[in-house]
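Visitor: I would like a close look at one part of this protein, its nonpolar interior. Please start there and then work outward.

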Amino acid sequence: MRFDFDSATRRKLGYRLIDQIDAFFSSLPDRPVQLPAGARTYGAMHSQLPELGEDAAQVLDEICREMVDQGFHVPAANYFGLMNPTPTYMGVLAEALVAALNPQLATLARSQLASKIELETVRWIGERVGWPGEFSGTFTSGGNEANFSGLALALAAKFPDSVEQGVASIGGRPMVYASAEAHHSLDKSVGLLGIGRKALRRIAVNQDLQLDPQKLAQAIAEDLAAGAKPFCVVATAGTTSSGTVDDLVGISEICRRHDLWLHVDGAYGAAAIFSDQHRDLVRGIERADSLTIDPHKWLAVSFAAGLILTCHPEMLERAFSVAAPYMPKAAGARLPDNSRISTQWTRRMNSLKLWLTLRVHGRQAYEELIDHQLKLSCSFASWVQGSEHFELAAPHPLPIVTFRLKGFSYGQLADAHRRLVEEVTQDGQRWISETVVNGQSVLRMMVISYLTEERHLQELETALTNAVSTLILHAKVG
């Protein structure tokens, strides 16, 4: 069977798929997040490798139906889980266009317009950061790669010889600092960079769950006295578990005092730069030497889309550029080749979905989204404060609310929270999670879908109240 279809078949399949996607989007305000607990399966599939092809329309209809009927739907309005949004429809169309055109962003010579669109998108975002001078950056596969890239930039900036000679040339243990609540991608990154996971020093948080600046300064002083080589601090703008934003201004002052690179992991919270009204949530972000931001979180585009940005653009080439005869630079090109400023070589165009969303909806749409979701999360937090069963567990500067059951000892909370989450999510209608914040079990609710409204929160509140009643009844029976 040939891979190409005639025009009539292509159009037939394309319209068929669009109809399925349209029906799915129409269902999202009230669609269950997943199947009821009794219908979920997690085993492997055992179909044999097809030797001969099947009817394309039939196969397409089948997989669309199964993916929708059996899927876990993070785009649903009742998904109150991790930082996975409902994607904009323009982003969905952008993904289809990118898949069809298949641009290769490794070099400007082979992707003139696609590369220029990506660099323009980087510029739009960098301008919102507010750096006073030059900056640059590149799209990544997500926050893991972006954080890895940020640490690689810091290493290249502070220990230039390490790029060619390796970390053994540094002459002491290089040290990175981050809060106890910072993302696990940092542990991966220091291991992959060869400086070792023990080079990441986790600093205790204060009562607001922020990296404690005094403890940070003390840790740096101790390591310097022991002959170690501090070189980078990672501040977080929006931790995964609680949405905490570290004191970026205070941390930046410590970095300047010790000549350390400041990387801000703003994978989620840095999106606040798109809001004039709420930009102060990430006050001081312009003091970062490098910045991670994931549009596939608070900017509502589909996976995968991350960015690494830096106000030291020369460090991108120092860290990542490798000469290759089969990747010649375009004659007269002034813009950078992506392969020279990125960990990736072959590059997908992850920027178009954000670029098209901004072209069609504008920054103002994000202004309204951020404000709306902050108000919804405050509404839910107010309900928690007035509840006889729950209490807030932490501040909620971003649209993440962590809360816990009243009347349980810390030793009992984790099990009680797990049972409550199971009760709330067993019918598949909605999804919340249990996590750990500062060593203690908490319940976590996040407003992340642009489809979520007050009625969805009220239904969640009812489900939580009913779940508590069920747990109390079971406890009495037991």
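Which residues have the most contacts inside the largest nonpolar core, and how many residues does that core have?

Guide: The model is predicted, so a word on confidence comes before the core. Mean pLDDT for the protein is 93. A value of 70 or more is reached by 97% of the residues. Among the elements, strand 5 (residues 261-265) has the highest mean, at 98. Helix 14 (residues 454-477) has the lowest, at 84.

Now the core. The largest nonpolar core has 61 residues. Leu216, Val264, Ile285 and Leu309 are those with the most contacts inside it. Take leucine 216 as the way in. Leaving out residues up to four places away in sequence, Leu216 touches Tyr177, Ile203, Leu211, Val233, Ile251 and Ile254. Another core lies apart from this one. That second core has 27 residues, including Ala146, Ile170, Val176 and Leu200.

Two of the partners of Leu216, Ile251 and Ile254, lead to helix 9. Helix 9 spans residues 248-258. Its buried residues are Leu248, Val249, Ile251, Ser252, Ile254 and Cys255. They pack against helix 8 (213-225), strand 4 (229-236) and strand 5. Strand 5 is also the element with the highest mean pLDDT. Aspartate 259 follows helix 9. Its phi is positive, near 55°.

Just before helix 8 there is a loop to inspect. It runs between strand 3 (200-203) and helix 8, and leucine 209 lies in it. Phi of Leu209 is near 70°, which is positive although the residue is not glycine. Leu209 has a relative accessible area of 6%, under the 20% cut-off, so Leu209 is buried.

Compare asparagine 438. Asn438 sits in the loop between strand 10 (433-437) and strand 11 (440-446). Its phi is also positive for a residue other than glycine, near 55°. Its relative accessibility is 45%, between the cut-offs of 20% and 50%, so Asn438 counts as partly exposed.

One more backbone detail belongs here. The peptide bond from phenylalanine 303 to alanine 304 is cis. Its omega is near 0°. Ala304 is in the loop between strand 6 (290-293) and strand 7 (306-310).

Next, tyrosine 79. This residue is in the loop between helix 2 and helix 3. Its relative accessibility is 2%, under 20%, so Tyr79 counts as buried. Beyond residues up to four places away in sequence, Tyr79 touches Val33, Phe72, His73, Val74, Asn84, Trp431, Met446 and Ile448. From Tyr79 to Leu209 the separation is 130 residues in sequence. In space, the two are 25 Å apart, C-alpha to C-alpha.

Helices 2 and 3 also bring us to the open space. The largest pocket holds about 820 Å³. It is lined by 28 residues. Leu17, Ile21, Phe24, Phe25 and Val92 lie nearest its centre. Helix 1 (7-27), helix 2 (56-70) and helix 3 (89-101) each supply at least two lining residues. Helix 1 gives the most, with 10. By class, the lining has 20 nonpolar, 5 polar and 3 charged residues.

The second largest pocket has a volume of about 510 Å³. Its lining has 18 residues, and Thr41, Met45, Glu66, Gln70 and Gly71 are closest to its centre. Here helix 2 gives the most, with 6 residues. This lining divides into 8 nonpolar, 7 polar and 3 charged residues.

Finally, the surface. Glutamate 368 lies in helix 12 (residues 363-386). Its relative accessible area is 52%, over the 50% cut-off, so Glu368 is exposed. Glu368 and alanine 235 are 133 residues apart in sequence. C-alpha to C-alpha, they are 26 Å apart in space.

One caution for reading the model. Where pLDDT is low, the predicted coordinates should not be read in detail.

How values were computed: Residues numbered from 1 in each chain as written. Predicted model: local features only at pLDDT ≥ 70, side-chain atom pairs only at ≥ 80, totals over all residues. Heavy atoms only, no water. Core = buried A, V, L, I, M, F, W, Y, C linked by side-chain atoms within 4.5 Å. Buried < 20%, exposed > 50% of the residue type's maximum accessible area, 1.4 Å probe, protein only. Contact = heavy atoms within 4.5 Å. pLDDT = per-residue confidence, 0-100. Helix = DSSP H or I, 4+ residues; strand = E, 2+ residues; numbered from the N terminus. 1 Å grid on protein atoms, 1.4 Å probe; cavity = no way out; pocket = protein on both sides within 12 Å on 5 of 7 lines; lining within 4 Å. Points joined across faces, edges and corners; volume = space filled by probe spheres on them. Nonpolar A, V, L, I, M, F, W, Y, C, P; charged D, E, K, R; others polar.
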